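Subject: The structure we talked about

Hi,

Here is the structure I promised to pass on. Have a look at it in your viewer first, then read my notes below.

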Amino acid sequence: MTDTDALHAVTPLDGRYAGRTEPLREYASEAALMRARVRVEVEYLLALADLEAVDLELADEERDRLRAAYEEFDGEDAALVKAIETEGARGYDATNHDVKAVEYFVREHAPERAHPWIHFALTSEDVNNLAHRLLAKPAVEDVLLPELREVRDALVEFAHDYADLPMLARTHGQPATPTTFGKEMAVYAARLGRAIARVDAASDDLSGKLAGASGTWAAHHAAFPDVDWRAFSREFVDGLGLEYVEPTTQVNPSDDLGALFDALTGVNGVLLDLSRDVWLYVSQRYLGQEAAKSETGSSTMPHKVNPIDFENAEGNLSKANSDLEFLSEYLSTSRLQRDLSDSTVKRNVGAAFAYCLLAYSKLQTGLGKVAPNEAVMREDLEANPEVIGEAVQTILRREGHGDAYERVKELTRGERVALADFHELFAELDVEESVREELLALTPASYTGVAGDLARDA
């Protein structure tokens, strides 16, 4: 696609963002789906030829030529398949059926004696359900998961580098027990790691069916009743790297795809939370941003450096989740044994993945441009000494003061206080001198518990 073509694209995925979504073309385009269908048809034909009951022998060079049909599938091949479908080509009338067009394309690479066995006893969904999963699996494993691991690596690096950098926490948006910036990044690294594991597992569990028009192998059984078609199908699907599923109707019920989409939705939920928190840290000046010299932050306010990467990520993650939730719900239903509404819906799986990819790459860019502003964080801690109140009342409880909570609450609740106010309270307390010294040593910056250790364990 040229730059001019991109300017006229209907969606931003093939227009403004075409460069960023390009890694998915191999798995999400119409040509990719054609190639995957050709692979299924060819491998099925070869598997049939290996059956003793089937009178079809294929020489090694014939097998190589058949496999080359999908291994070397290119733009010209895709154009030919499309021509056979829409207008007719190579002596075939227009099929107005995409899978039938693929069947005829495979004939162009097979000896004539093999033609009756191409797509033998199959329904289109036998081919389609396998083809879609042969695309979804590498799209997730080879494109999305590596990007997610890059995001996690960046979070781990933040966690380690700033393990001991104290920072005021905010619960309910209010000043709360201090933490460290590294520990907060470690939380996201851990959440993302668990979410990635769920995606990885769901991708491993993608399943396939091959059981004919109503899931009964009726045509297969009618032609060759002595063949164990269930065992044949299991071996075939396993050989494609997919989990075998039975019983089914005409369709693979897509519970496996639903699990994958739900896992990706979970990942995106973690990253939405991260994007919004980082945006807030930038707003609070806890994080500084690298300013690109040629970049415009605002068309009217020259001073601005906007957190656009995190805003872009948030928007694309939200769009991705909207699509993934729809796909998960819609594809797991089918009227009776089959309706065709899922066919057009499945063509949008690539778009959902593309919005994910956009968000993951934008997050990487954004994380690479921010750094903690230690001075601002320390100023904020010093301006909110009331947060040591938790430590004060807890130590006093340890010393047997039943009214500890109430005394600290009276001093601090809804009030602006200084460390000096705490020190006055400590001077009045009936405690051992060692305890008083322990209390006097408390500061917001030092009151971070084992946050540093948690961050270093990320």
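What follows is a short tour of what turned up. One thing to keep in mind throughout: this is a predicted model.

**The cores**

Let's begin on the inside. Which residues have the most contacts within the largest nonpolar core? They are L271, F353 and Y360, in a core of 124 residues. The element that gives the most to this core is helix α8, residues 124-161, with 15 residues. If you want one residue to click on, try L271. Leaving out residues up to four places away in sequence, L271 touches L148, V151, L192, L317, Y360 and L363. Y360 is therefore worth showing together with L271: both are among the residues with the most contacts in the core, and they touch each other.

There is also a second core, separate from that one, with 17 residues. Among them are A391, A404, V417 and V431.

Now go to helix α17, which covers residues 389-398. Its buried residues are G389, A391, V392, Q393, I395 and L396. A general point helps when you look at a pattern like that: an α-helix has 3.6 residues a turn, so residues three or four places apart point the same way. The buried residues of α17 pack against three helices, namely α18 (404-412), α19 (419-428) and α20 (433-440). Just past the end of α17 you will find G400, with a positive phi of about 90°.

**The cavities**

Next, the holes. Rolling a probe the size of a water molecule over the atoms shows where empty space is left. How many cavities of 30 Å³ or more does the structure hold? There are 2.

The largest has about 60 Å³ of space. Its lining is made up of L33, R37, E125, N128, H132, R338, D342, S343, K346 and R347. Three elements give two or more residues to that lining: α4 (30-49), α8 and α14 (341-346). Sorted by class, the lining has 6 charged residues, 3 polar ones and 1 nonpolar one.

The second largest cavity has a volume of about 40 Å³. V251, N252, S254, L331, T333, S334, D342 and K346 line it. Here the classes come out as 4 polar, 2 nonpolar and 2 charged. Compare the two lists and you will spot D342 and K346 in both.

**A hairpin**

Strand β1 (residues 166-171) pairs with strand β2 (residues 174-180). Do they run parallel or antiparallel? They are antiparallel, with 5 bridges between them. A169 stands opposite A176 in β2. The hairpin has 2 residues between its strands, and H172 takes a positive phi near 60° there.

**Loops with something to see**

A few spots outside the helices and strands are worth a stop:

- P247 is joined to E246 by a cis peptide bond, with omega at about -5°. P247 sits in the loop between β4 (243-244) and α12 (255-283).
- A121 is not a glycine, yet its phi is positive, at about 65°. You will find A121 in the loop between α7 (98-107) and α8. A121 counts as partly exposed because its relative accessibility is 21%, and buried would need under 20%.
- R285 also has a positive phi without being a glycine, near 70°. R285 lies in the loop between α12 and β5 (287-289). Why is R285 called exposed? Because its relative accessible area is 53%, and the cut-off for exposed is over 50%.
- L206 is in the loop between α9 (181-204) and β3 (207-208). With 0% relative accessibility, L206 counts as buried. Setting aside neighbours within four places in sequence, L206 is in contact with R133, A136, K137, L242, E243, D256, L257 and L260.

**One last residue**

E374 belongs to helix α16, residues 374-382. At 40% relative accessibility, E374 is partly exposed. Along the chain, E374 and G288 are 86 residues apart, while their C-alpha atoms are separated by 9.8 Å.

That's the tour. Shout if you get lost along the way!

Cheers

Technical notes:
Residues are numbered from 1 along each chain as its sequence is written. This is a predicted model: local features need pLDDT of at least 70, side-chain atom pairs count only at pLDDT 80 or more; totals for chains, interfaces and linings use all residues. Side-chain values use heavy atoms; hydrogens and water are left out. A nonpolar core is a set of buried Ala, Val, Leu, Ile, Met, Phe, Trp, Tyr and Cys residues joined through side-chain atoms within 4.5 Å. Buried means under 20% relative accessible area, exposed over 50%, partly exposed in between (1.4 Å probe, protein chains only). Helices (H or I, at least four residues) and strands (E, at least two) are DSSP runs, numbered from the N terminus. Contact means heavy atoms within 4.5 Å. On a 1 Å grid over the protein atoms alone, a cavity is a set of points where a 1.4 Å probe fits but cannot get out, and a pocket is an open set with protein on both sides within 12 Å along at least five of seven lines; lining residues have an atom within 4 Å of a point. Grid points are joined across faces, edges and corners, and a volume is the space filled by probe spheres set on the points. Ala, Val, Leu, Ile, Met, Phe, Trp, Tyr, Cys and Pro count as nonpolar, Asp, Glu, Lys and Arg as charged, and the others, Gly among them, as polar. Two strands pair if DSSP finds at least two bridges between them.
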